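Reader: I would like to go through this structure by question and answer. Please keep the reasoning short.

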Amino acid sequence: MSDHVRDLASVREATDRLLAAVGTLDNSTVTEPSRLPGWSRGHVLAHLARNADALVNVLEGRPMYESARSRDADIDRDAPRGLREQLGDVQDSAERFQRLGAEDADWARTVELRNGVKDLASNVPFRRWIEVELHHVDLGIGYELEDLSAEFTQREINFLAKRFRDHPGLPPLLIKQDDGRMISTGAVQALTLEEIKADAPVPLGIVIQGRQADLLGWLAGRRDGSGLTVDRGSLPPLPPL
């Protein structure tokens, strides 16, 4: 089970790090393109603020967003704001999330996120940590996947591998990390009756190997996988997150 108290502290540290980095920008650089197609840095900052409020909704038992359309409209509305407004909004919304996280609650309860996705309340702080860290990278202001902690990177690789497990649009995949850890994901590859009777080994599927940062970048849609080694097939396109 997730340690939500520890994760909330990590969210605060990551948010402070992001705010300090963004604070060195100016109004013109906030309007420049981010690394996310079609989004400026202002879009990324607006999304971070609205996501914090959306996760407050989740923890308080309300729909995460009123609708997909309203979510996108709120981000488009807030994206053109100046640096001071962006910083204030990200900070204030982050504090609202932290205050709620500090309250006594049943963290073992199930909550509902977007698109009917359900999870334990105790996992919500880690989901927020993901948002802050990856979108800090998306800003394109000098913070890279290699700067993420080993703990965060490993947990996010595990999280994404679990998310893609049993996905019908993917072949069986075996992720091999440089430290020797292996994670299976993608479709489950069933053995035939003859193979079972013959005690055949379970097929590996496509084997993907590389550094933590490159594996995370590919799984999270931030890198094209060119830094990875692929055996027993070619690197498949991943479904959208």
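Reader: Is strand β5 largely enclosed or largely open, and how many of its residues are buried?

Author: This is a predicted model. Buried here means under 20% relative accessible area. β5 is largely enclosed by the rest of the structure, because the buried residues number 4 of 5.

Reader: Which strand pairs with β5 in the parallel sense, and over how many bridges?

Author: One bridge puts L173 opposite I206 of β5. The parallel partner is β3, and the count of bridges is 5.

Reader: Which strand runs antiparallel to β5?

Author: V207 has D231 as its bridge partner. D231 belongs to β6. In total 3 bridges join the two strands, and the antiparallel one is β6, residues 229–231.

Reader: How many of the 8 residues of helix α9 are buried?

Author: The buried ones are A213, D214, L215, L216, G217, W218 and L219. The cover over them includes α7, β3 and β5. α9 is therefore largely enclosed by the rest of the structure, with a buried count of 7.

Reader: Which residue just after α9 takes a positive phi?

Author: α9 spans residues 212–219. Just after this helix, phi is about 75° at G221.

Reader: Which element gives the most residues to the lining of the largest pocket?

Author: The largest pocket has a volume of about 1200 Å³. Elements that give two or more residues to its lining are α3, β2, α6, α7 and α9. With 8 residues, the top contributor is α7.

Reader: What is the make-up of that lining by class, and which residues lie nearest the centre of the pocket?

Author: The lining has 20 nonpolar, 8 polar and 12 charged residues. It comprises 40 residues, and nearest the centre lie R127, E131, F159, R163 and L241.

Reader: How many aromatic pairs are there, and what is the geometry of F126 with W129?

Author: The count is 4 aromatic pairs. For F126 and W129, the ring centres are 5.9 Å apart and the planes are at 85°. Planes over 60 degrees apart set the class, so this pair is edge-to-face.

Reader: What class is the pair of W129 and F152?

Author: Both W129 and F152 are buried. Their ring centres lie 5.1 Å apart, with planes at 55°, so the pair is tilted.

Reader: Which two helices does that pair tie together?

Author: The parts it joins are 23 residues apart in sequence. W129 lies in one helix and F152 in the other, so the helices are α6 and α7.

Reader: Which residues do ring pairs link into a cluster?

Author: F126 and W129 both lie in α6, 3 residues apart. Both are buried. The full cluster is F126, W129, F152 and F159.

How values were computed:
Residues are numbered from 1 along each chain as its sequence is written. This is a predicted model: local features need pLDDT of at least 70, side-chain atom pairs count only at pLDDT 80 or more; totals for chains, interfaces and linings use all residues. Side-chain values use heavy atoms; hydrogens and water are left out. Buried means under 20% relative accessible area, exposed over 50%, partly exposed in between (1.4 Å probe, protein chains only). Contact means heavy atoms within 4.5 Å. On a 1 Å grid over the protein atoms alone, a cavity is a set of points where a 1.4 Å probe fits but cannot get out, and a pocket is an open set with protein on both sides within 12 Å along at least five of seven lines; lining residues have an atom within 4 Å of a point. Grid points are joined across faces, edges and corners, and a volume is the space filled by probe spheres set on the points. Ala, Val, Leu, Ile, Met, Phe, Trp, Tyr, Cys and Pro count as nonpolar, Asp, Glu, Lys and Arg as charged, and the others, Gly among them, as polar. Two strands pair if DSSP finds at least two bridges between them. Rings of Phe, Tyr and Trp (its six-membered ring) pair if their centres lie within 6.5 Å; planes under 30 degrees apart count as stacked, over 60 as edge-to-face and the rest as tilted.
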